[in-house]
Amino acid sequence: MKLTLLGTGTSQGIPVIGCQCEVCTSRDARDKRLRCSLLIETETTCVVIDTGPDFRQQMLNPDVRRLDAVILTHEHNDHIAGLDDVRSFNFLQQKPMPVFGLHRTIEAVARRFDYIFDGSGYPGLPQIQLHGLDDEDEVRIGDLMFNTFTIMHGKMPVLALRVRDAAYLTDTNHIPEAAKKYLYDLDHLILDALHHKEHYSHFTLEQAIDAATTINAEQTTFIHMSHWMGKHEVINTQ
């Protein structure tokens, strides 16, 4: 199984429009961050977690030519805004795209992209099959089995997942006790770490380090980082 982080930035991405801070003006490619998304591949299966505003660009960069399904962690714009661009895979694969998410998220997608689901039959519309999930559902896509569970993003439950020995936890400031049974014996943990200051719905870097230390995966990667985190060359050495 191959994991590719397609984006590790916060909702505005980095650089932030109009910002002249040292991160946003950095020439270091490691300081350029698209919105969060994860590509999971095996020899026979390809799944994307979240389709934010950068989805089209993210699919071009790794030269992805097929996609079996999309899993949405929640309905905030930086995680779903690019969903319309799955139409390219409809054309390539000649079949609808399965899209999974919590029932609340799926309902929000149906409202936000109502033109896809209004029955108009307009030529060229994305063909999407929506699948609502409950907390702690299992989802099999090809040869991958996903264990889904919820974590807290402020007061909002969002979908997290474990697939084989990897877990993906974006947009969180609290991991409930019920979720912890999915976080043992991990080879790879991918975890939210916004910046250094206290935030109502995201882990700070210090809180993320504490959570990662408790989970004790073989490797931890932090995502959803703001430009306020600081330059990669500085933070990565601390």
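Let's start with T148: its bridge partner in β9 is L161. That bridge belongs with the pairing of strand β8, residues 144-153, and strand β9, residues 156-163, which run antiparallel over 8 bridges. For the record, strands count as paired if DSSP finds at least two bridges between them, and strands (E, at least two residues) and helices (H or I, at least four) are DSSP runs numbered from the N terminus.

Before I go on, a word on the source: this is a predicted model, where local features need pLDDT of at least 70, side-chain atom pairs count only at pLDDT 80 or more, and totals for chains, interfaces and linings use all residues. Residues are numbered from 1 along each chain as its sequence is written, and side-chain values use heavy atoms, leaving out hydrogens and water.

Now, the wider sheet. It is open, with 6 strands in the order β7-β8-β9-β10-β11-β12 and mixed pairing. At the edges sit β7 (138-141) and β12 (219-223), each pairing on one side only. On average, neighbouring strands are turned by 25° against each other, direction ignored; axes here are lines fitted to C-alpha atoms, for helices over the stretch in contact, with angles from 0 to 180 degrees between N-to-C directions.

What packs on this sheet? Helix α6, residues 205-215, does, touching β11 (188-192) and β12. The direction of α6 makes about 155° with that of β11. Contact means heavy atoms within 4.5 Å.

Finally, have a look at T204, in the loop between β11 and α6. Is T204 buried or exposed? T204 is buried, because its relative accessible area is 4%, and buried means under 20% (exposed is over 50%, partly exposed in between; 1.4 Å probe, protein chains only). Leaving aside residues up to four places away in sequence, T204 touches A193, H195, H196, K197, E198 and H199.
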